[in-house]
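Visitor: Please pick one part of this model and take me through it closely. I would like its packing partners, the sheets around it and the loops that go with them.

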Amino acid sequence: GRMTMILDGKNTAALRKERLATYVREEREAGRDKKLAVLLVGGSAPSEMYAQSVRRVAESVGMEVVLCRFADGTPQAEIVAAVGDLNRRVDITGILPLLPLPEAYNTAEIINALSPCKDVDGQTTVSKGRLFAGEPSFAPCTAQAVVTMLIDYDIPVQGKHVVIVGRSDVVGKPLIHLFLQKNATVTVCHSKTTDLSGITRQADILVAAVGKAGFVSADMVKDGAVLIDVGINRVDGKTVGDICTEATTKAAAYTPVPGGIGALVSTMILENTAYGIRE
């Protein structure tokens, strides 16, 4: 039988972080600091955990993270003004607002206050518009991680049929544009799709981003497809993806959960912060 290739996000991240550490050090020695500002409003536990994990990864490549904490109830205008200050700071090259913000805030106003050249998770309307138009821009990092994984494993995308299950603003929608730029044929499916499995079985590359444990079953996948699992679900104390184990046995290659796409996301944020918008 054919060997199934495991697309290892930890390994991919480790190789990229080595290059990144060298670059960050050289830039700092040349007097060009690359720092990431992380905005935390209200300090929800998941956001706090994520901020600390980003900081750990950043420190591993010698990059400083500036945590900007605001108590819930801080006036909207004060947060917008703080974003303006971060935009003007030359040493801060990336700004990452952690979502969701507490309900009282106008999230769009705070996000769109970010300078697009520091919008390292592609959250602003300007970044989304640039991505749509095929102009150089930052893309949401989970979507960027999907494309990066395929590039790093030399999996061809041009002319392939990519089927994406899920149409979120952070994964499904940006992937449409990232894959079209690479000359793939793209189909997007979602909860209202008729004959979902009839479509997913046509996929050369199947991206699952629905947030439902084991949603993609073996009969939804054609033999030899490449399976990209973006799902992170907790089941019985374990982290599992959107693609069931039986389906991965039919694949030519697949991303595990954990240790797949999720393991690469924070590296994308740090790359964007260090390298800026790449042509």
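Guide: What follows starts at one helix and works outward.

This is a predicted model, where local features need pLDDT of at least 70, side-chain atom pairs count only at pLDDT 80 or more, and totals for chains, interfaces and linings use all residues. Residues are numbered from 1 along each chain as its sequence is written, and side-chain values use heavy atoms, with hydrogens and water left out.

The part is helix α10, residues 262-275. Helices here are DSSP runs of H or I with at least four residues, strands are runs of E with at least two, and both are numbered from the N terminus.

Take the partner α1 to begin with. Helix α1 spans residues 9-29, and its axis comes within 9 Å of that of α10. The two cross at roughly 20°. Axes are lines fitted to C-alpha atoms, for helices over the stretch in contact, and angles run from 0 to 180 degrees between N-to-C directions. The pair is therefore roughly parallel. That word covers angles under 35 degrees; over 145 is roughly antiparallel, 65 to 115 roughly perpendicular, and the rest oblique. The crossing of α1 and α10 is left-handed, that is, the near helix is turned anticlockwise from the far one by less than a right angle (clockwise would be right-handed).

Who touches whom? On the α1 side the residues are G9, K10, T12, A13, R16, K17, R19, L20, Y23 and V24. On the α10 side they are A263, L264, T267, M268, L270, E271, A274 and Y275. Contact means heavy atoms within 4.5 Å. By class, this contact holds 10 nonpolar, three polar and five charged residues. The nonpolar class is Ala, Val, Leu, Ile, Met, Phe, Trp, Tyr, Cys and Pro; Asp, Glu, Lys and Arg are charged; the others, Gly among them, are polar.

Stay on α1 for a moment. The side chains of R25 and E29 meet in a salt bridge, 4.0 Å from N to O. The term means a side-chain nitrogen of Lys or Arg within 4 Å of a carboxyl oxygen of Asp or Glu. R25 and E29 are four residues apart in helix α1, so about one helical turn separates them. Side chains of opposite charge can pair when their charged atoms come close. The count of salt bridges comes to 13.

Now the partner α6, residues 141-152. The axes of α6 and α10 are 8 Å apart and the angle is about 100°. That makes α6 roughly perpendicular to α10. C141, T142, Q144, A145, T148 and M149 in α6 meet L264, V265, M268, I269 and N272 in α10. This contact has seven nonpolar, four polar and no charged residues. L264 and M268 of α10 also meet α1.

Next, the sheet that α10 lies on. The helix lies across β2 and β4, at about 125° to β2. These strands belong to an open sheet of three, ordered β3-β2-β4, with parallel pairing. Two strands pair if DSSP finds at least two bridges between them. The edges are β3 (65-70) and β4, each pairing on one side only. The twist averages 20° from one strand to the next. Strand β2, residues 35-41, is joined to β3 by six bridges. A37 stands opposite V66 in β3.

Two loops carry cis peptide bonds. P258 sits in the loop between β11 (253-254) and α10. The bond from V257 to P258 is cis, with omega near -5°. P100 sits in the loop between β4 (92-97) and α4 (107-112). Its cis bond is with L99, at an omega of about 0°.

Follow β11 outward. An open sheet of six strands runs β1-β11-β8-β7-β5-β6, again with parallel pairing. The edge strands β1 (5-6) and β6 (185-189) have a single partner each, so one side of each is left without a neighbour in the sheet. Strand β5, residues 161-165, pairs with β6 over five bridges. The bridge partner of H161 is T185 in β6. Helix α7, residues 172-181, lies across β5, β6 and β7 (205-208), at about 170° to β5. N183 is in the loop between α7 and β6. N183 has a positive phi of about 65° although it is not a glycine.
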